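Here is a short set of exercises to work through with the model in view. Try each task before you read its solution.

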Amino acid sequence: MPTTTPPLWTVEDVSTYLGVPVMTIYHWRRSGYGPKGARVGRYLRYRPEDVRGWFDAQSQKAG
């Protein structure tokens with residue numbers, strides 16, 4: 001049975017998931033903060049599991 005990989009998220013997807021403005025995601029990226037993303041051509045994409053993992057790590061730091 002083949003495994004399926006979830007689609008990559010756009011900056012807009014990450015923004016919606018985290019509840020922050022799109023420009024915040026870009027600012028975080030420039031400053032080295034935020035979830036790990038990668039360029040695909042001229043587009044920035046994120047793995048959903050990386051975004052969730054980053055968020056979980058932030059939750060643990062705050063606790």
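A residue is called buried when its relative accessible area is under 20%, exposed when it is over 50%, and partly exposed in between (1.4 Å probe, protein chains only). This is a predicted model, in which local features need pLDDT of at least 70 and side-chain atom pairs count only at pLDDT 80 or more, while totals for chains, interfaces and linings use all residues. Residues are numbered from 1 along each chain as its sequence is written, and side-chain values use heavy atoms, with hydrogens and water left out.

**Exercise 1. The overall layout**

Work out how many helices and strands the chain has, and in which pattern they follow along the sequence.

Solution. Start with what counts: helices (H or I, at least four residues) and strands (E, at least two) are DSSP runs, numbered from the N terminus. The chain holds 3 helices and 2 strands. Going along the sequence, the pattern reads α-α-β-β-α. Next, take the dimensions: the C-alpha trace spans about 40 × 30 × 20 Å along its principal axes. Of the 63 residues in the chain, 29% are buried. Finally, look at contacts, meaning heavy atoms within 4.5 Å. Of those between residues at least 6 apart in sequence, 43% join residues at least 24 apart.

**Exercise 2. One face of a helix**

Find which residues of α1 are buried, and explain why they line one face.

Solution. First list the buried residues of α1: Val11, Val14, Ser15 and Leu18. Then look down the axis of α1, where these buried residues fall within an arc of 100°, so they line one face of the helix. The arc is that of the directions from the helix axis to the C-beta atoms. Now move past the end of the helix: Gly19 follows α1 and has a positive phi, near 70°.

**Exercise 3. Two helices that pack**

Describe how α1 and α2 pack: at what angle, and how far apart are their axes?

Solution. Two packed helices are described by the angle between their axes and the distance between the axes. Axes are lines fitted to C-alpha atoms, for helices over the stretch in contact, and angles run from 0 to 180 degrees between N-to-C directions. Helix α1 covers residues 11–18 and helix α2 residues 22–31; their angle is about 105° and their axes are 8 Å apart. The two helices are therefore roughly perpendicular to each other (under 35 degrees is roughly parallel, over 145 roughly antiparallel, 65 to 115 roughly perpendicular and the rest oblique).

Next, name the residues that meet. From α1 come Val11, Glu12, Val14, Ser15 and Leu18, and from α2 come Val22, Ile25, Tyr26 and Trp28. These residues divide into 7 nonpolar, 1 polar and 1 charged. Here Ala, Val, Leu, Ile, Met, Phe, Trp, Tyr, Cys and Pro count as nonpolar, Asp, Glu, Lys and Arg as charged, and the others, Gly among them, as polar.

**Exercise 4. A closer look at Ser15**

State whether Ser15 is buried or exposed, and which residues it contacts beyond its sequence neighbours.

Solution. Ser15 is found in helix α1. With a relative accessible area of 9%, Ser15 is buried. Setting aside neighbours within four places in sequence, Ser15 is in contact with Val20, Pro21, Val22 and Ile25. As for Tyr26, 11 residues from Ser15 along the chain, the C-alpha atoms of the two are separated by 9.9 Å.

**Exercise 5. Aromatic pairs**

Count the aromatic pairs in the whole structure, then examine two of them.

Solution. Rings of Phe, Tyr and Trp (its six-membered ring) pair if their centres lie within 6.5 Å; planes under 30 degrees apart count as stacked, over 60 as edge-to-face and the rest as tilted. The search finds 4 aromatic pairs. One of them joins Trp9 and Tyr17, a tilted pair with 5.2 Å centre to centre and 50° between the planes. Trp9 is buried, at 14% relative accessible area, whereas Tyr17 is partly exposed, at 39%.

Another pair is Tyr33 with Trp54, edge-to-face, with 5.4 Å centre to centre and 80° between the planes. This pair links distant parts of the chain, 21 residues apart: Tyr33 is in the loop between α2 and β1 (37–40), and Trp54 is in helix α3 (residues 48–62). Tyr33 is partly exposed, at 38% relative accessible area, while Trp54 is buried, at 15%. Lastly, ring pairs link Trp28, Tyr33 and Trp54 into a cluster.
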